[in-house]
Amino acid sequence: MFLREVSLDGVGTDVALWQELEGDVGCVVWDAAIVLTKFLEVNSLKFSTDAGKSLINGRTVLELGSGTGCVGLAAAIMGASKVTITDLPEFLSLMEKNITENGERLGCPVEARELSWGNEEQIRGFHEPDVVLVADCIYYEQSLEPLVSTLHKLCGPDTTVLLSYEERTTGNKPQLQRKFFEMMDEHFRSEKIALEEQHELFRCEDIHIYKFSRR
Ligand SMILES: C[S@@+](CC[C@H](N)C(=O)[O-])C[C@H]1O[C@@H](n2cnc3c(N)ncnc32)[C@H](O)[C@@H]1O
């Protein structure tokens, strides 16, 4: 295993992430997760003095398909009130190791839990979160519909989904991405986050961030 530190300059610390040398896609940090993390860094500071609700500060956060847990752990460092990072069962130990690694830096309770998209019983075990984070999960044909239905069931009228993904042009990826947005459109309003609103260095034309809320 090897340790990667993603700097959170805006809040004066790092998020430290153990990654595996070999394994399934979730065992390393993906670029879309870095872009979303750095977007949160810029915006958690911007909104932290608002009288109203901020994006992350004081909010309950649930991350789907967390892998190493980069985005959710960063949210816990940046003022969330409670964070749950989730993935398939084989990633639980990696997520737990990364919670432990960031111990003192975490500003709120963080829990790693299994959430396999589409699993109704597991979904019922989660409280409606204020914010759902999803990085680079529009990837698998067989899990597209379960991902959308999981988001639909988890989110209430006040939940904000922040989703990042890397635009891929090979194989069936363009169709998958199009289909994902068509399915989301049935239940959610969407807003694309402009590049100018993102971190000035950690942004990229090929990595998109969307904000969704229930229709
Ligand atoms: C490309 S990785 C992204 C990991 C992490 N979000 C990041 O960006 O660094 C996709 C993640 O989705 C998870 N995933 C895939 N299918 C899933 C399913 N049916 N239920 C839950 N998680 C799933 C994988 O285990 C993996 O961690």
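# Exercises on burial, loops and the ligand site

Val132 lies in strand β6, and the exercises start from this residue of a predicted model, in which local features need pLDDT of at least 70, side-chain atom pairs count only at pLDDT 80 or more, and totals for chains, interfaces and linings use all residues. Residues are numbered from 1 along each chain as its sequence is written, and side-chain values use heavy atoms, with hydrogens and water left out.

**Exercise 1.** Determine whether Val132 is buried or exposed, and find the separation between its C-alpha atom and that of Leu64.

*Solution.* Begin with the element, strand β6 (strands are DSSP runs of E with at least two residues, helices runs of H or I with at least four, both numbered from the N terminus), to which Val132 belongs. Next take the accessibility: Val132 counts as buried because its relative accessibility is 0% (buried means under 20%, exposed over 50%, partly exposed in between, with a 1.4 Å probe and protein chains only). Finally, although Val132 and Leu64 are 68 residues apart along the chain, their C-alpha atoms are separated by 7.3 Å.

**Exercise 2.** Describe the backbone angle, the surroundings and the side-chain partner of Asp136.

*Solution.* First place the residue: Asp136 belongs to the loop that runs between β6 (131–135) and α5 (144–154). Then read the backbone, where phi of Asp136 is near 55°, a positive value in a residue other than glycine. Asp136 counts as buried, because its relative accessible area is 9%. As the last step, look at the side chain of Asp136, which is joined to that of Arg168 by a polar contact of 2.9 Å (a pair of N or O atoms within 3.5 Å; within protein, one must be able to donate a hydrogen and the other to accept it, and for residues adjacent in sequence both must be side-chain atoms).

**Exercise 3.** Which residues come nearest to the ligand, and how much of its area does the protein bury?

*Solution.* Start with the shell: 20 residues surround the ligand (each with a heavy atom within 4 Å of it), and those that come nearest are Trp30, Gly65, Asp87, Trp117 and Ala135. Now go through the atom pairs. An oxygen atom of the ligand lies 2.9 Å from a backbone N or O atom of Trp30, while the side chain of Asp87 places an N or O atom 2.6 Å from a ligand oxygen atom. For Trp117, a backbone N or O atom is 3.0 Å from a nitrogen atom of the ligand. Taken alone, the ligand exposes 600 Å², of which the protein buries 94% (Shrake-Rupley areas with a 1.4 Å probe).

**Exercise 4.** Locate Val29, Glu167 and Glu111, and state how each is classed by accessibility.

*Solution.* Val29 is situated in the loop between β2 (13–19) and α1 (31–47), and at 8% relative accessibility Val29 is buried; its C-alpha atom is 16 Å from that of Leu88, 59 residues away along the chain. Glu167 occupies the loop between β7 (160–166) and α6 (173–187), and is partly exposed because its relative accessibility is 39%. From Glu167 to Ser54 the C-alpha separation is 28 Å, with their positions 113 residues apart in sequence. Glu111, finally, is in strand β5 (residues 110–114), where a relative accessible area of 36% makes Glu111 partly exposed.
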